[in-house]
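Got your viewer open? Load the model and follow along, one selection at a time.

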Amino acid sequence: MTAAGYRLCDVALDCSFKTRDGRVEREQALAIIDLLESNTFTPIGHEGGPYRLKIETVDGRLALHVNEGNGVHVVSHYLSLTPFRRLIKDYTRICESYYDAMCRPGPERLEAIDMGRRGIHNEAAELLRKRLSSKVGTVRNSVRWAGFIS
């Protein structure tokens, strides 16, 4: 299998992530674009790919359903959202600050808030990588994981 096979070719969010806030949906769409642009994704013990990933929340857990590109189910992983709660709360607050700052003059505040937002993205991505390390091989990149679960 070539390295090109060990990647995500599609990421979909379940309707459990739908929101009435277009800004949040935009963040989620950008997170998916970032993830698809550059990734390595290998479910442990599976040789195949490329993969399709469907993300949803089920009974207070994050559910990651992995299929081959042709739709054949590979595996589902369920993660508690408890370790992510502080990050979700912080991310929601910083996004609200960012949206408020966009209405005010001066780029300095926006830049500072955006740096904080990126920091939370990176922290959430690292936590997710650690929680999945025994289940999925990934390559570290600046993925907006936090955007999925906000």
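**Stop one: charges on strand 3**

Start by selecting Arg52, which is partly exposed at a relative accessible area of 34%. Keep in mind as you go that this is a predicted model. Now add Asp10: its side chain meets that of Arg52 in a salt bridge, 3.6 Å from N to O. Asp10 sits in strand 1 (residues 8-13) and Arg52 in strand 3, so this pair ties together parts 42 residues apart in sequence. Asp10 is partly exposed too, with a relative accessible area of 27%.

Next, pick Lys54 and Asp14. Their side chains also meet in a salt bridge, here at 3.7 Å from N to O. Again distant parts of the chain are linked: Lys54 belongs to strand 3, Asp14 to the loop between strand 1 and helix 1 (22-37), and 40 residues separate them. Buried or exposed, what is Asp14? With a relative accessible area of 15%, Asp14 is buried, whereas Lys54 counts as partly exposed at 36%.

**Stop two: the hairpins**

Show residues 51-58 and 61-68 as cartoon. These are strand 3 and strand 4, running antiparallel and joined by 8 bridges. For one rung of that ladder, select Ile55 and its bridge partner in strand 4, Leu64. The two strands make a hairpin with 2 residues between them, and Asp59 in the turn has a positive phi of about 50°.

Carry on along the chain to residues 73-80, which are strand 5; this strand pairs with strand 4 in the antiparallel sense over 7 bridges. Here the rung to click is Leu62 with its bridge partner Leu79 in strand 5. Strand 4 and strand 5 form a hairpin as well, with 4 residues between them. Which residue in this turn has a positive phi? That is Gly71, with a phi of about 100°.

**Stop three: the nonpolar cores**

Turn on side chains for Leu8, Val11, Leu53, Ile55, Leu62 and Leu64. Within the largest nonpolar core, which has 19 residues, these touch the most other members. At least two residues of this core come from each of strand 1, helix 1, strand 3, strand 4 and helix 3. Ile55 and Leu64, the bridge partners from the previous stop, are both on that list of best-connected members.

Then move to another core, lying apart from the 19-residue one: it has 10 residues, among them Tyr91, Cys95, Tyr99 and Ala124.

**Stop four: two helices side by side**

Display helix 2 (residues 85-101) together with helix 3. Two packed helices are described by the angle between their axes and the distance between the axes. For this pair the angle is about 160° and the axes are 9 Å apart. An angle over 145 degrees counts as roughly antiparallel, so helix 2 is roughly antiparallel to helix 3. Helix 2 passes helix 3 in a left-handed crossing.

**Last stop: charges on helix 3**

Stay with helix 3 and select Glu126 and Arg129. Their closest N and O atoms are 3.2 Å apart, in a salt bridge. Both residues lie in helix 3 (residues 107-132), 3 residues apart, or about one turn of the helix. Glu126 counts as partly exposed at 22% relative accessibility, while Arg129, at 16%, counts as buried.

Finish by selecting Glu27, Asp114, Arg117 and Arg118, which are linked in a network of salt bridges. How many salt bridges does a search of the whole structure find? The count is 8.

Note on methods. Residues numbered from 1 in each chain as written. Predicted model: local features only at pLDDT ≥ 70, side-chain atom pairs only at ≥ 80, totals over all residues. Heavy atoms only, no water. Pairing = 2+ DSSP bridges. Salt bridge = Lys/Arg side-chain N within 4 Å of Asp/Glu carboxyl O. Buried < 20%, exposed > 50% of the residue type's maximum accessible area, 1.4 Å probe, protein only. Core = buried A, V, L, I, M, F, W, Y, C linked by side-chain atoms within 4.5 Å. Axes fitted to C-alpha atoms, helices over the stretch in contact; angles between N-to-C directions. Parallel < 35°, antiparallel > 145°, perpendicular 65-115°, else oblique. Left-handed = near helix turned anticlockwise from the far one by under 90°.
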